[in-house]
Amino acid sequence: MAEINRAVKGTNDILPDESHNWQFVEGKMLEVASLYGFKEIRVPVFEHTEVFLRSVGDTTDVVQKEMYTFDDKGGRSITLRPELTAGVIRSAIEKGIVNSALPAKVCYIGGCYRYEKPQAGRLREFHQFGVECMGAAEPSADAEVIALGRQVLSSVGIEKISLEINSIGCPECRKEYHKALKEYFSANIDELCGTCKERLDRNPMRILDCKSPVCSAIAEKAPVVLDYLCDNCKEHFEQVKAHLTAQGIEYTVNPHIVRGLDYYTRTVFEFVSGDIGAQSTVCGGGRYDGLISQMGGPSVPSLGFGMGIERLMLVLKNQGAELPDAPTTDIYIATMGEKAKLKATALCAELRAEGYKAQTDICARGLKAQMKYADKIGTKFTVVLGDDEIENGKAGLKDMKEGTVTEIKLDELVLELGEAIREQIFKNIAEII
Ligand code: ATP
Ligand code: MG
């Protein structure tokens, strides 16, 4: 197939027959976020490359291997966002959100771009829902953000998913830990991949997140950061757990979670599904107390998470979750002759103004072809208009499911259709009960 007819590798189209599922899921995300006081923020798809170098970290896989970076015509280095936290924090500093009433709670939905090897659950363009809670240092904030993630998942019908948490400490307790890691990995340096050999000196924790099978096998036996936490970080972690338990949220402590981005401190967490294969992390997040000051803002302890929407969709599909039906047309007005066509145009306008989904022929088709189309789009009702109907001002309103026809006055079509739809709904409910 010619390139012009082919999507770029690693990208995905969300087709008209599935977009209502995305609208449902995204609607739930924003709805649940607002229960916790989070308001939506929309930031650009691209930023100055420096924004990501400073935040995500220049020894991470994301920065070293996965960014879509280019010079624009003005000679600026621009990067398509690989995640949204960096851009959101840039905006929060630039627009003064971090100096406003704290905690400032924002959420987002948007596309992310990473040059990765495409496979199930791993795309080059994917979408994230996420939240950032800025200016809250307390462990109860960590538990609140985790609870929000949990509620988003359950609101779309996902109950079977596990929460794994860990603490990766603060820069203070990490000093000792880095020393221990360096010692451990130095003993295995010959086996590490090229990238990790370089990471050993600058950021040994990144080796723990390396995807190469050899590095991850070595990393499995590495010292764990939980054993090196300072008293404050230990206490913080204990309190996070207590606040989770207080609201009935189950978790397991997984000392191997470090997350793929450099900015995390203390609490990190993941929601992991056993139903979607190797790319099993649906949501990842944590605390980033140093990020805002590192990016030139005030010292504002913060935290957040990013949830992969494609992976979440995979979980829903693989768990056979119930999703809302695709929206259908309420009424299709089939026509015969010019007069009927004009009348149908007027009736559709009236119906649509009242909030009904109405369609009529716009392809100059014969009656048979119109009815075939009406059937294909799954309309609830049809009306056929010809010269007789226009003259008498009456027509038959056909219930496509039942096959029954009710005679109605064309002047009262809006009222009659409303009544018929309500009747259908009651009947459906009665059938379910
Ligand atoms: P992974 O370990 O799978 O590479 P990550 O640590 O790179 O994930 P984050 O940067 O924390 O992921 O992003 C948060 C979420 O975004 C992930 O948990 C996942 O659901 C989703 N995600 C990340 N990268 C991709 C991708 N390439 N394709 C689809 N979803 C992704
Ligand atoms: Mg990754």
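Trainee: Which residues come nearest to ligand 1?

Mentor: R114, E116, R122, L123 and R259 come nearest, out of the 16 residues around ligand 1. Keep in mind that this is a predicted model.

Trainee: What sort of residues make up the shell, by class?

Mentor: The shell around ligand 1 has six charged, six polar and four nonpolar residues.

Trainee: And which side chains have an N or O atom a few Å from an oxygen atom of ligand 1?

Mentor: R122 is one of them, with a side-chain N or O atom 2.9 Å from a ligand oxygen. For Q128 the corresponding distance is 3.1 Å. For K211 it is 3.3 Å.

Trainee: How much of the accessible area of ligand 1 does the protein cover?

Mentor: The protein covers 93% of it; on its own, ligand 1 has 590 Å² of accessible area.

Trainee: Which strands supply residues to that shell?

Mentor: At least two residues each come from β6, β10 and β11, the last being residues 302-308. The largest share is from β10, which gives four residues.

Trainee: OK, the sheet then. What is the strand order?

Mentor: The order is β1-β5-β6-β11-β10-β9-β7-β8, an open sheet of eight strands with mixed pairing. Its edge strands are β1, at 39-40, and β8, at 252-253, and each of these pairs on one side only.

Trainee: What holds paired strands together, in general?

Mentor: Strands of a sheet pair through backbone hydrogen bonds, and the pairing is either parallel or antiparallel.

Trainee: Do β5 and β6 run parallel or antiparallel?

Mentor: Antiparallel: β5 covers residues 104-113, β6 covers residues 125-134, and ten bridges join the two. As one position to look at, Y113 stands opposite E125 in β6.

Trainee: Which helices lie across these strands?

Mentor: Helix α4, residues 85-94, lies across β5 and β6, and runs at about 40° to β6. Elsewhere on the sheet, helix α9 (residues 231-246) lies across β7, β8, β9 and β10. Its angle to β7 is about 160°.

Trainee: Switching topic. How many bridges join β15 to β16?

Mentor: Five, between residues 394-399 of β15 and residues 405-409 of β16, and the strands run antiparallel. A395 has I408 in β16 as its bridge partner.

Trainee: And which residue takes a positive phi in that hairpin?

Mentor: G403, with a phi near 80°. The hairpin has five residues between the strands.

Technical notes:
Residues numbered from 1 in each chain as written. Chains lettered and ligands numbered in written order. Predicted model: local features only at pLDDT ≥ 70, side-chain atom pairs only at ≥ 80, totals over all residues. Heavy atoms only, no water. Pairing = 2+ DSSP bridges. Contact = heavy atoms within 4.5 Å. Axes fitted to C-alpha atoms, helices over the stretch in contact; angles between N-to-C directions. Near = heavy atom within 4 Å. Polar contact = N/O pair within 3.5 Å; in protein donor to acceptor, adjacent residues only side chain to side chain. Areas by Shrake-Rupley, 256 points an atom, 1.4 Å probe, with all protein chains shown as cover. Nonpolar A, V, L, I, M, F, W, Y, C, P; charged D, E, K, R; others polar.
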